[in-house]
Amino acid sequence: MKKIAHWLLEKAKKGMRTDPFTTPSRRTKLSYYFDNLVSMVFYIMGIYLMLMDLYQELFTANHTDFLGTALMALVLLLGGLLFRWSAYANLKAINRYQHYLKQQSIEQQQALRRQEWLKSAEQGKTELEQKLNHKE
């Protein structure tokens, strides 16, 4: 049993280690927008619940369970914060991958320039050798 638990733990750790420059899934941008939308819905629900609860507690005669609804509003606001954090993480992953792609493109261009320069230097060297051999 202990070996199985250790194996599952190692598998979970291996699954959590991801290369930050791997291709993000196609739905990452969609996931960003979805997380933003859900975050806004949670914020609105939490604020609405808190305001309505305060209104009923302070200005009307029916006293509801203030602590319970305030706690529910807090849970909704924290849920909104969690989804906002998830959207921000998705956006950072997208930006990091785009930066990685730009860097790869720059490195490829530099490698091509180096190859062209070496080829032209080699060509110049052979031309010089031909001229020297021709003079001799």
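## Close-up views of a three-helix chain

**View 1. Residues 66–87 are helical from end to end.** Over residues 66–87 the chain is 100% helix and 0% strand. The C-alpha atoms at the two ends of this stretch lie 31 Å apart. The model shown here is predicted. UniProt, in an unreviewed entry, lists residues 66–87 under "transmembrane region". Helix α3 spans residues 66–135.

**View 2. Residues 32–51 are a second listed stretch.** The same unreviewed UniProt entry gives residues 32–51 as "transmembrane region". Here, too, the chain is 100% helix and 0% strand. The end C-alpha atoms of residues 32–51 are 28 Å apart. Helix α2 covers residues 27–59.

**View 3. The whole chain is built from helices.** How many helices and strands does the chain have? The count is three helices and zero strands. Along the sequence, the pattern reads α-α-α. The chain has 136 residues, and 14% of them are buried. Its accessible surface comes to about 11,900 Å². Carbon and sulfur atoms hold 65% of that surface. Now take the contacts between residues at least 6 apart in sequence. Of these, 75% join residues at least 24 apart.

**View 4. F42 and F83 form a tilted aromatic pair.** The structure holds three aromatic pairs. In one of them, the ring centres of F42 and F83 are 5.5 Å apart. Their planes meet at 50°, so the pair is tilted. Tilted pairs fall between stacked, under 30 degrees, and edge-to-face, over 60. F42 sits in helix α2 and F83 in helix α3, so the pair ties together parts that are 41 residues apart in sequence. Are these two residues buried, partly exposed or exposed? F42 is partly exposed, with a relative accessible area of 25%. F83 is also partly exposed, at 25% relative accessibility. Buried would need a value under 20%.

**View 5. I47 links the view of helix α2 to L77.** I47 lies in helix α2. Its relative accessible area is 45%, so I47 counts as partly exposed. Exposed would need over 50%. How far apart are the C-alpha atoms of I47 and L77? They are separated by 7.6 Å, although the two residues are 30 apart along the chain.

**View 6. A nonpolar patch lies on the surface.** The patch is formed by I47, Y48, M50, L51, M52, L54, Y55, L58, F59 and F66. Together these residues have about 1,000 Å² of accessible area. Which helix gives the most to the patch? Helix α2 does, with nine residues. F66, another patch member, is placed in helix α3. At 35% relative accessibility, F66 counts as partly exposed. A patch residue needs over 30%, so F66 passes that cut-off.

Technical notes:
Residues numbered from 1 in each chain as written. Predicted model: local features only at pLDDT ≥ 70, side-chain atom pairs only at ≥ 80, totals over all residues. Heavy atoms only, no water. Patch = residues over 30% accessible without salt bridge, like charges linked within 9 Å, V, L, I, M, F, W, Y side chains within 5 Å. Areas by Shrake-Rupley, 256 points an atom, 1.4 Å probe, with all protein chains shown as cover. Salt bridge = Lys/Arg side-chain N within 4 Å of Asp/Glu carboxyl O. Helix = DSSP H or I, 4+ residues; strand = E, 2+ residues; numbered from the N terminus. Buried < 20%, exposed > 50% of the residue type's maximum accessible area, 1.4 Å probe, protein only. UniProt positions renumbered as here; feature names shortened; annotations may be inferred. Phe/Tyr/Trp six-rings, centres within 6.5 Å; stacked < 30°, edge-to-face > 60°. Contact = heavy atoms within 4.5 Å.
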